[in-house]
Amino acid sequence: MDDTRILLAHGNGGRLMRELIAGIFVRHLGNPLLDTDADAVALPQPDGELLVTTDGFTVEPLEFPGGDIGSLAVHGVVNDLAVAGADPVYCTLSALIEEGLEIAKLDRYIASFARAARQNRMTVVAGDTKVVRRGEGGGLYLSVTGVGVRRAAAPLGMNRIVPGDAVIVSGSVGDHGIAVMLAREQFGLSGSLRSDSASVLPLARAVRDLPELRFMRDPTRGGLATVAHEIARASGHSVLLEQHAVPLRPEVVAVCDMLGYDPYFLACEGRIVAAVAPSAAEAVLSRWRALPEGGDAALIGRIETGGGRVILETGLGGRRVIDELEDDPLPRIC
Ligand code: MG
């Protein structure tokens, strides 16, 4: 019997499962609220309006330059709460583990999850583990539900966006998509690009008191262009992006040129796209640029009346419509 790998018996409710939960999950995630004997836990009620979000994580490979599935899962949930104007408070974690996964790897990913959760002051209050048969899972899938408390001055929403609003991004786009793609070593390509996977909480906190802030979203799957399409659809107005203004790392441009990808559709995992009244655009930019996470923040476009389209303004004054994403060129990116 290989005792360095996950067996089906780790999911059967017996001794191995108990030892796995104690030795990895409780060891890393344990806290006074996490009671593994209880069927449900009572939570102290935080002061303020509660927000909830849930997300599943299936990234392949499980580790990539700049992160792993553990930290990625925390960032994904923290970022959805952060862009809604909330601070994370609690989360639950459900882990689907594939038979054969190295136990040392599982330990590393759960340690990484715990570290990221601690950094964002998000307490794991409930959890579950299941083991699926070899070939039925991608090594490890994580499903996380997060609860936060609203701290923004006003509720943010796409319905608040009006023509003339500025569109700002907190950093370069597409880094996560290309970093994960390179980590797969497909197409014989490799490189040193790191994923942008990170908590955007410091960025969100820096601007959420501005009454002129209309809306924030973290561009993940589908990238910047998909957020722009969501804004266009919801507002009925057009989102104009200035091609030369969108921050892109040279490695991202190089891979996109080579493989014919559009960088605007590539996933980010640590960026915010914000719509803000023009009078507050400078405030958002300077506050973000003062943070290590926001050094490359840029004003990348504006909202134009009507049309409901996403338009890319090219350097020569030309315009082209960016259609919605049809087929995801990079599945299992998050
Ligand atoms: Mg999101």
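Okay, let's start with one residue, Ser112: apart from neighbours within four places in sequence, Ser112 is in contact (heavy atoms within 4.5 Å) with Asp68, Gly70 and Ser71. Ser112 sits in helix H3, residues 103-119. Helices here are DSSP runs, H or I, of at least four residues, strands are E runs of at least two, and both are numbered from the N terminus. Is Ser112 buried or exposed? With a relative accessibility of 4%, Ser112 counts as buried. Buried means under 20% relative accessible area, exposed means over 50%, and partly exposed is in between, using a 1.4 Å probe and protein chains only.

Quick housekeeping. This is a predicted model, so local features need pLDDT of at least 70 and side-chain atom pairs count only at pLDDT 80 or more, while totals for chains, interfaces and linings use all residues. Residues are numbered from 1 along each chain as its sequence is written, and side-chain values use heavy atoms, with hydrogens and water left out.

Now the metal. Which protein residues are donors to the magnesium ion? Asp80 and Asp218, each through OD, at 2.0 to 2.3 Å from the ion. A donor is an N, O or S atom within 2.8 Å of the metal (3.2 Å for Na, K and Ca), and since water is not among the atoms, sites may look incomplete. These two come from distant parts of the chain, 138 residues apart: Asp80 is in helix H2 (residues 69-83), while Asp218 is in the loop between strand E8 (213-217) and helix H6 (223-235). Asp80 is partly exposed, because its relative accessibility is 25%, whereas Asp218 is at 8% and so counts as buried.

On to the sheets. One is an open sheet of four strands, ordered E1-E6-E4-E5 with mixed pairing. Strands pair if DSSP finds at least two bridges between them. At the edges are strand E1 (50-57) and strand E5 (123-132), each pairing on one side only. On average, neighbouring strands in this sheet are turned by 15° against each other, direction ignored. Axes are lines fitted to C-alpha atoms, for helices over the stretch in contact, and angles run from 0 to 180 degrees between N-to-C directions. Look at strand E4 (residues 86-98) and E5: they run parallel, with nine bridges joining them. Ile97, for example, has Val131 in E5 as its bridge partner. Helix H1 (residues 15-29) packs on this sheet, touching E4 and E5, at about 155° to the direction of E4. H2 packs on it too, touching E1, E4 and strand E6 (140-150), and its direction makes about 30° with that of E6. That's the same H2 that holds Asp80.

The other sheet I want to show is open as well, with seven strands in the order E8-E10-E7-E11-E9-E12-E13 and mixed pairing. Its edges are E8 and strand E13 (319-321), each with pairing on one side only. Here the average turn between neighbouring strands is 25°, again ignoring direction. Inside the sheet, strand E7 (residues 166-169) and strand E10 (residues 273-276) run antiparallel, joined by four bridges. Find Ile168 and you'll see it opposite Ala274 in E10.

Two helices deserve a look. How many of the nine residues of helix H4 (residues 175-183) are buried? Eight, so H4 is largely enclosed by the rest of the structure. Strand E2 (63-64), H2 and helix H7 (250-259) are among what covers them. In helix H8 (residues 281-289), the buried residues are Ala281, Val284, Leu285 and Trp288. They span an arc of only 95° around the axis (taken from the directions from the helix axis to the C-beta atoms), so they lie on the same side of H8. They pack against E7, helix H5 (201-207), E10 and E11.

Right after that, in the loop between H8 and E11, comes Ala290. With a relative accessible area of 63%, Ala290 is exposed.

Last stop: Glu269, in the loop between H7 and E10. Glu269 is at 4% relative accessibility, so it counts as buried. Ser197 is 72 residues away from Glu269 in sequence, yet their C-alpha atoms are 4.4 Å apart. Beyond neighbours within four places in sequence, the contacts of Glu269 include His75, His176, Ser197 and Cys334.
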